[in-house]
Amino acid sequence: MKRLKLLNRFVSSQFYPLFYYLIRWFWFCTVVGVFVGAASALFLYLLNLSTAFRENHLWIISLLPLGGFLIGWSYQRWGNRVVKGNNLLIEEFHKPQDIIPFRMAPLVLFGTIVTHFFGGSAGREGTAVQIGGAIADQLTRVLKLSDRERRMVLVMGISAGFASVFGTPLAGAIFALEVFIVGRMRYEAIYPSFLVAIIANGVAVLLGASHTHYAISAAPPITLMNLVWSILAGILFGLTARLFSRLIDLIGKFFKKQISYAPLRPVIGGAIIAIAVFAFGAYKYIGLGLITLHDAFESEMAPYDFLAKLLFTTFTLGVGFKGGEVTPLFFIGATLGNALSSIIPLPMPLLAGMGFVAVFAGATNTPIACIVMGIELFGLQSSLYIALACIVSYLFSGHTGIYSAQIIGSPKSIKFGQDKGKRISELDE
């Protein structure tokens, strides 16, 4: 009898609350996953349409200043609260104040499509994450969730958006747990983060979303010299990520200082980009650049491709156009890895794959998510090289990053110990 009472007490205190937690958040994840997965499928469809039209009508690039004005004016008119983009999601996670306005989703969708339609160089991750965060946070309003539950909902939105736009649910889930605090992960949200990533990705695929696949045919045996070469490559990937993050920040601050009227910044910036594209025939450096990205795994590329894409992307985003940074970071990393194959004795596809995820790891301070993404995209045969490159890149990017609202939770080394608890935006590096 006593044992039965103890068993009943255990079931009541442990099993029932956990079962309720699983069921409750299962339904939350289902709702968010369905809506965000559908939104990502629509976004990818419109992105493909706009890219195809631009590639068949290159003259449209000359109207990039007009596209810039449309984006700048729409954000000035309706988007002052959401103009911070991903950083607003991170800020609300750390210090919850107001529900993310739903208008963030249509505004960033519109801005990104316009950017790609007229020929800006940008990605798609930022758009998907903002759409996911804006949609998910509406649960907070409807269900009147607590601040702690709201943090989990924001994690879900980011996870769902990232997973469904790239087709990498494991990496998307870990990215959402890892991105808020440098060096820390939010394990209290691990169940909803993974579940919503799987659901959102499944919905997007069901609705016709397609994702690009890459291949690393083989990886050489692990030897001491191969490890040394991998570390050297990781250092270069990390420094490139640091340059990318710093340039976006510097260009943005310069244009804000010189041009007070926000809609005019992308107009002038768009004109400069359009002139550069036509003058240098730099068509492969605008848009997502998926064709060049794919070619980086198969054939020798120009050694300056990574730098050209870096400059076009940082300028595009710095002057006020919309879109993500991640796909351009993939392009930059893969083409840099391709270029390094001429001096580093590792297979070209392997170096391209290492750069693909390692520059991303350094720029976002999410090395674990990037390692998992590398495994999801390229398979296990190259996982040790991928992991080493991501970790070294993360270290050598320093306390910089494309998300200035990130807080330093665990410094990258003893040298940076004094930075613990600070935001990246507060550091003068």
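**Internal cavities and nonpolar cores of the predicted model**

About 50 Å³ of space lies in the second largest cavity of this predicted model. The cavity is lined by Asn86, Ile90, Glu125, Val129, Ile158, Phe175, Val179 and Tyr403. By class, six of these lining residues are nonpolar, one is polar and one is charged. Two helices, α3 (86-94) and α5 (125-136), each contribute at least two residues to the lining.

Helix α3 was examined further. Nine of the nine residues of α3 are buried, so the helix is largely enclosed by the rest of the structure. The buried set comprises Asn86, Asn87, Leu88, Leu89, Ile90, Glu91, Glu92, Phe93 and His94. Of these residues, Asn86 and Ile90 also belong to the lining of the second largest cavity. The packing partners of the buried α3 residues are the helices α4 (104-118), α5 and α7, together with the strands β1 (181-182) and β2 (407-408).

In total, the structure holds two cavities of 30 Å³ or more. The largest cavity encloses about 100 Å³ of space. It is lined by 15 residues, of which Arg124, Phe166, Thr212, Tyr214 and Phe330 are the closest to its centre. The lining of the largest cavity consists of nine nonpolar, five polar and one charged residues. At least two lining residues come from each of the helices α7 (147-166), α12 (290-295), α14 (326-340) and α16 (367-378).

The nonpolar interior was considered next. The largest nonpolar core contains 131 residues, and the members that touch the most other members are Phe237, Met354, Phe356, Phe360, Met373 and Phe378. Helix α15 (residues 348-364) provides the largest share of this core, with eleven residues. Apart from this core lies another one, of five residues, including Tyr394, Ile408, Ile424 and Leu427.

The contacts of Met373 connect the descriptions of core and cavity. With residues up to four places away in sequence left out, Met373 touches Phe162, Phe166, Thr168, Ala171, Phe330, Val357 and Phe360. Among these partners, Phe360 is itself one of the core members that touch the most others, whereas Phe166 and Phe330 are among the lining residues closest to the centre of the largest cavity. Met373 therefore touches residues of helix α7, including Phe162 and Phe166, as well as Phe330 of helix α14.

Conventions. Residues are numbered from 1 along each chain as its sequence is written. This is a predicted model: local features need pLDDT of at least 70, side-chain atom pairs count only at pLDDT 80 or more; totals for chains, interfaces and linings use all residues. Side-chain values use heavy atoms; hydrogens and water are left out. On a 1 Å grid over the protein atoms alone, a cavity is a set of points where a 1.4 Å probe fits but cannot get out, and a pocket is an open set with protein on both sides within 12 Å along at least five of seven lines; lining residues have an atom within 4 Å of a point. Grid points are joined across faces, edges and corners, and a volume is the space filled by probe spheres set on the points. Helices (H or I, at least four residues) and strands (E, at least two) are DSSP runs, numbered from the N terminus. Ala, Val, Leu, Ile, Met, Phe, Trp, Tyr, Cys and Pro count as nonpolar, Asp, Glu, Lys and Arg as charged, and the others, Gly among them, as polar. A nonpolar core is a set of buried Ala, Val, Leu, Ile, Met, Phe, Trp, Tyr and Cys residues joined through side-chain atoms within 4.5 Å. Buried means under 20% relative accessible area, exposed over 50%, partly exposed in between (1.4 Å probe, protein chains only). Contact means heavy atoms within 4.5 Å.
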